[in-house]
Amino acid sequence: MASATGIPETRSANDGRGEDEPLLGRAGDASQQEDQGLQFNFVIGTAVIAQVGIWILAATIWASVFVQPLILFSAHPLLNSAGILLTTQAILLLQPTHTPKQKKQGTNIHAILNITSILTLIAALVIIEYNKIAHKGAHFESPHAILGLITYILFFIQAIVGILQYYFQGLLGGTDRAKSIYKYHRMSGYVLLVLSFVTIAAATQTGFNKGVLHIQLWAVVVASVITLIGVLPRIKKQKLGL
């Protein structure tokens with residue numbers, strides 16, 4: 001296309017791209033509009049698919065727990081699944097933000113959701129450890145237990161890094177240095193979400209699940225895949241440095 005001077009206009013390789021371009025789709029497909037509230041971020045773009053997946057996963061676990069007599073251990077899968085549900089919501093909420101105001105508001109609520117998630121996960125860990133000690137059970141022997149411990153630790157580290165990089169940037173050497181690790185925090189968040197689903201899948205192979213809860217591996221895998229199909233396409237390339 002020629003300009004008024006007759007010289008063909010050149011388009012930057014980044015036109016239509018940038019912070020509005022999701023991993024899959026066109027620029028703006030997964031972005032919060034200027035006049036939209038944060039609540040719409042939970043369903044923008046493919047978020048609806050993610051919501052279907054994560055609620056199916058949570059409902060599958062909760063239903064399997066509540067059809068059985070409730071015991072102390074019952075709180076372990078209930079709290080863990082609630083924690084992953086909250087983490088997923090925290091991701092979906094923040095992904096579409098792109099203006100300074102949206103990012104600030106989104107980050108604050110993202111932090112609240114994730115802190116609540118961490119508290120539920122800690123409670124789930126305390127309960128399972130108390131249960132193991134009370135019944136003189138083996139600790140961290142099954143694949144689920146080992147993956148669970150790793151996931152708990154990584155969740156805690158992820159939360160600490162997230163809080164430091166946004167609210168206490170001085171402790172990381174200043175604003176620029178804190179912002180330089182944003183993309184790694186985002187990347188690790190997505191990896192951690194996948195690891196959480198793997199850990200839940202491993203839980204279906206434990207003796208307690210096979211003998212009591214009967215949560216099916218295929219149901220966990222299908223729900224997890226549906227969730228990721230909704231979450232991953234909304235990833236903003238520029239936010240990951242791509």
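Q89 is buried in this predicted model. Its relative accessible area is 11%, so the residue falls under the 20% limit for that class. Q89 sits in helix 2. Leaving aside neighbours within four places in sequence, Q89 is in contact with F42, Q51, I54, W55 and L113. One of these partners, Q51, is joined to Q89 through the side chains. The polar contact between the two side chains spans 2.8 Å. Along the chain, Q89 and Q51 are 38 residues apart. Their C-alpha atoms are separated by 8.3 Å.

The helix that carries Q89 covers residues 75-94. Helix 2 has 20 residues. From its first C-alpha to its last, helix 2 reaches 28 Å. That is close to the 28 Å expected at 1.5 Å a residue. Of the 20 residues of helix 2, 16 are buried, so this helix is largely enclosed by the rest of the structure. An α-helix has 3.6 residues a turn, so residues three or four places apart point the same way.

A second buried position lies in helix 3, which runs through residues 100-134. This is S117. The relative accessibility of S117 is 1%, so S117 counts as buried. Not counting residues up to four places away in sequence, S117 touches G83, L86 and T87.

Aromatic rings come next. The structure holds 3 aromatic pairs. One of them is formed by F73 and F208, in an edge-to-face arrangement. The ring centres of F73 and F208 are 4.4 Å apart, with 65 degrees between the planes. This pair links distant parts of the chain. F73 lies in the loop between helix 1 (47-66) and helix 2. F208 belongs to helix 7, residues 207-213. The two residues are 135 residues apart. F73 is buried, with a relative accessible area of 15%. F208, at 33% relative accessibility, counts as partly exposed.

Y166 and Y167 form another aromatic pair, also edge-to-face. Here the distance is 5.0 Å centre to centre, and the angle between the planes is 80 degrees. Y166 is partly exposed, with a relative accessible area of 28%. Y167 is partly exposed too, with a value of 36%.

The backbone at H214 was also examined. Phi of H214 is near 60 degrees. This is a positive value in a residue other than glycine. H214 is placed in the loop between helix 7 and helix 8 (217-231). At 44% relative accessibility, H214 counts as partly exposed.

The last position considered is K236. K236 is found in the segment after helix 8. Its relative accessibility is 3%. K236 therefore counts as buried, the limit being under 20%. The side chain of K236 is joined to the side chain of S31 by a polar contact of 3.4 Å.

Terms used
Residues numbered from 1 in each chain as written. Predicted model: local features only at pLDDT ≥ 70, side-chain atom pairs only at ≥ 80, totals over all residues. Heavy atoms only, no water. Helix = DSSP H or I, 4+ residues; strand = E, 2+ residues; numbered from the N terminus. Expected span 1.5 Å × (residues − 1). Buried < 20%, exposed > 50% of the residue type's maximum accessible area, 1.4 Å probe, protein only. Contact = heavy atoms within 4.5 Å. Polar contact = N/O pair within 3.5 Å; in protein donor to acceptor, adjacent residues only side chain to side chain. Phe/Tyr/Trp six-rings, centres within 6.5 Å; stacked < 30°, edge-to-face > 60°.
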